[in-house]
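Thank you all for making time this morning. I would like to walk through one model with you, moving from individual salt bridges to the pockets and then to some details of the backbone.

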Amino acid sequence: MTKQEIRDLIEEKKSDLITLCSELLQIPSENPPGEMEAVTAYITDYLKKGGVDYTIVGQDEAHPNILASYGKADGPEVLFNGHSDVVPAGDRSQWDFDPYGGEITDKVIRGRGASDMKCGLAGALFVIRLLAEQKTELKGKVSLHVVPDEETGGHLGTQWLVDHGYAKNASCVIVAEPTSSNNCEVGQKGTFQGKVMIKGQSAHGSLGKYKGVSAIREMMKFIAGLEKLESMTGNFTEKQLPVLADSKRIAREAQGTDGVENIIDHVTVNPGTIKGGTKTNMVADYCEMEVDIRIPIGLEMDRVREEFFSIAEEQGIENISYDMKWTSGANYTDVDEPLVKTVMDNALAVWGEPIVPAYQWASSDARCYREAGIPTIQYGPANTAGIHSYNEDVDIEDVVNSAKIYGGMILDLIGSGE
């Protein structure tokens, strides 16, 4: 099969792809709580009907990882990754449509997980099954990891699979996470997260300025001190500078806020939750905060750690303790990797317009494969406005074209060429 033939076949069968997307969206797989039985059963049934080999592995039954593959085991392996869990729909009154209706309009597919990332996952599932049904001869194997817990960190999904050797033979990885059609993700920031806890000394609230030590006031001082981290920047090589420039432009266009492009090459700090005190008329004797810190490419983690732990001393804060950990370090794939050229070439052929490699301000399971030394990109259909928010949807054209790009990439990497 040639690349043009697989594109034509996907176009011919695109209604089946759109139906697949819709049916996946109709299965609530919110995480938390992470009940994955129904969506796992649907995906494995879809693979079985298409003659695609699969197995389920994992640390426990509550976290099923689906491994699917088609092709020759003795050749190079191209690996796709996608997660079947979604963030909660939240307040239903904020939605203009049923988040689990899987509604299909003339232009979009609507529902929680449409962009993040059931329609990207559907594209990978659809293409692998299509290749199997057509009995396409490949020089290697195309595999798929469907994981259940990306939205809660991926520790029992992708990270577990990598740690247990299920990616050791992969020559490259395509994560079908949302990127929008004009870029492919080739790098992500590192993440430093955890709790900061401060003990104070209680007193009557009416004496708060003069008696006792308010842990809440101390935490306010600590949060103010965190601003110094946000001036720290990454260091990029000459080869990375064009990617950095495009990444900043994409961030600015996507978010539409002055200065938002700094999220790419600066440390960002988000005090996500805070709680403390016992009663309104008591000086708070305890306060804790959960904080999320993102570190750009080229900035040493030890420098950030050193600055972070120096804040309390600089602010004169006593009785402070921490429960912090690195979720991941900044990670990237070299733009000269054949995988990057392959996605750019196929996207140009399908869309008729070039796409650019870009760095991401957030993170995904792509980091797990990169940390294992495997060239990895992220490319998938997306309307970014509804991701982790209300009224999530995705363009049908984007879904179909992403599948065509996946098919072309597979044939470029392990197929028989044009």
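Let me begin with E103, which at 34% relative accessibility counts as partly exposed, because that value falls between the cut-offs of 20% for buried and 50% for exposed. Please keep in mind throughout that what you see is a predicted model. The side chain of E103 meets that of R110 in a salt bridge, with 3.4 Å from N to O, and R110, at 26% relative accessibility, is likewise counted as partly exposed.

From there I would turn to a second pair, E392 and R112, whose side chains meet in a salt bridge at 2.6 Å, N to O. Why does this pair deserve a moment of our time, in terms of the parts that it ties together? E392 lies in the loop between β14 (376–378) and β15 (393–395), while R112 lies in the loop between β4 (108–110) and α4, so the salt bridge ties together parts that are 280 residues apart in sequence. As for their surroundings, E392 is buried, and R112 is buried as well.

A third pair lies within one helix. R305 and D302 both belong to helix α8 (residues 301–315), where they sit three residues apart, or about one turn of the helix, and their side chains meet in a salt bridge at 2.4 Å, N to O. As general background, an α-helix has 3.6 residues a turn, so residues three or four places apart point the same way. It is also true in general that side chains of opposite charge can pair when their charged atoms come close. In accessibility the two partners fall into separate classes, since R305 counts as partly exposed at 27%, whereas D302 is exposed, with a relative accessible area of 52%.

How many salt bridges does a search of the whole structure find? The total is 22, and I would add that E11, K14 and K404 are linked in a network of such bridges.

K404 brings me to the helix that spans residues 396–414, namely α11. This helix has 19 residues and reaches 27 Å from its first C-alpha to its last, which is close to the 27 Å expected at 1.5 Å a residue. Is α11 largely enclosed by the rest of the structure or largely open? Of its 19 residues, 16 are buried, so α11 is largely enclosed by the rest of the structure.

Now to the pockets. The largest pocket has a volume of about 1,400 Å³, and it is lined by 41 residues, of which R294, Q360, A362, S363 and H388 are the closest to its centre. Several elements, namely β7, β8 (190–199), α7 (241–255), β11 (320–328) and β13 (356–360), each supply at least two residues of that lining, and α7 gives the most, with five residues. Sorted by class, the lining of the largest pocket divides into eleven nonpolar, 19 polar and eleven charged residues.

The second largest pocket holds about 270 Å³ of space. Its lining comprises 13 residues, with D16, L20, Y46, F126 and R129 lying nearest the centre, and the helices α2, α3 and α4 each supply at least two of the lining residues. By class, this lining has five nonpolar, one polar and seven charged residues.

Finally, some points on the backbone, which I would ask you to look at in the model yourselves. The peptide bond from P32 to P33 is cis, with omega near 10°, and P33 is placed in the loop between α2 (14–25) and α3 (37–49). Another cis peptide bond joins D116 and M117, with omega about -10°, and here M117 lies in helix α4 (residues 114–133).

There are also positive phi values at residues other than glycine. K135 has phi near 50° and is found in the loop between α4 and β5 (141–147), where, at 67% relative accessibility, it counts as exposed. S180 has phi near 75°, and its place is in the loop between β6 (170–175) and β7 (183–188). You will recall that β7 is also among the elements that supply at least two residues of the lining of the largest pocket.

I will stop there and take your comments.

Notes. Residues numbered from 1 in each chain as written. Predicted model: local features only at pLDDT ≥ 70, side-chain atom pairs only at ≥ 80, totals over all residues. Heavy atoms only, no water. Helix = DSSP H or I, 4+ residues; strand = E, 2+ residues; numbered from the N terminus. Buried < 20%, exposed > 50% of the residue type's maximum accessible area, 1.4 Å probe, protein only. 1 Å grid on protein atoms, 1.4 Å probe; cavity = no way out; pocket = protein on both sides within 12 Å on 5 of 7 lines; lining within 4 Å. Points joined across faces, edges and corners; volume = space filled by probe spheres on them. Nonpolar A, V, L, I, M, F, W, Y, C, P; charged D, E, K, R; others polar. Expected span 1.5 Å × (residues − 1). Salt bridge = Lys/Arg side-chain N within 4 Å of Asp/Glu carboxyl O.
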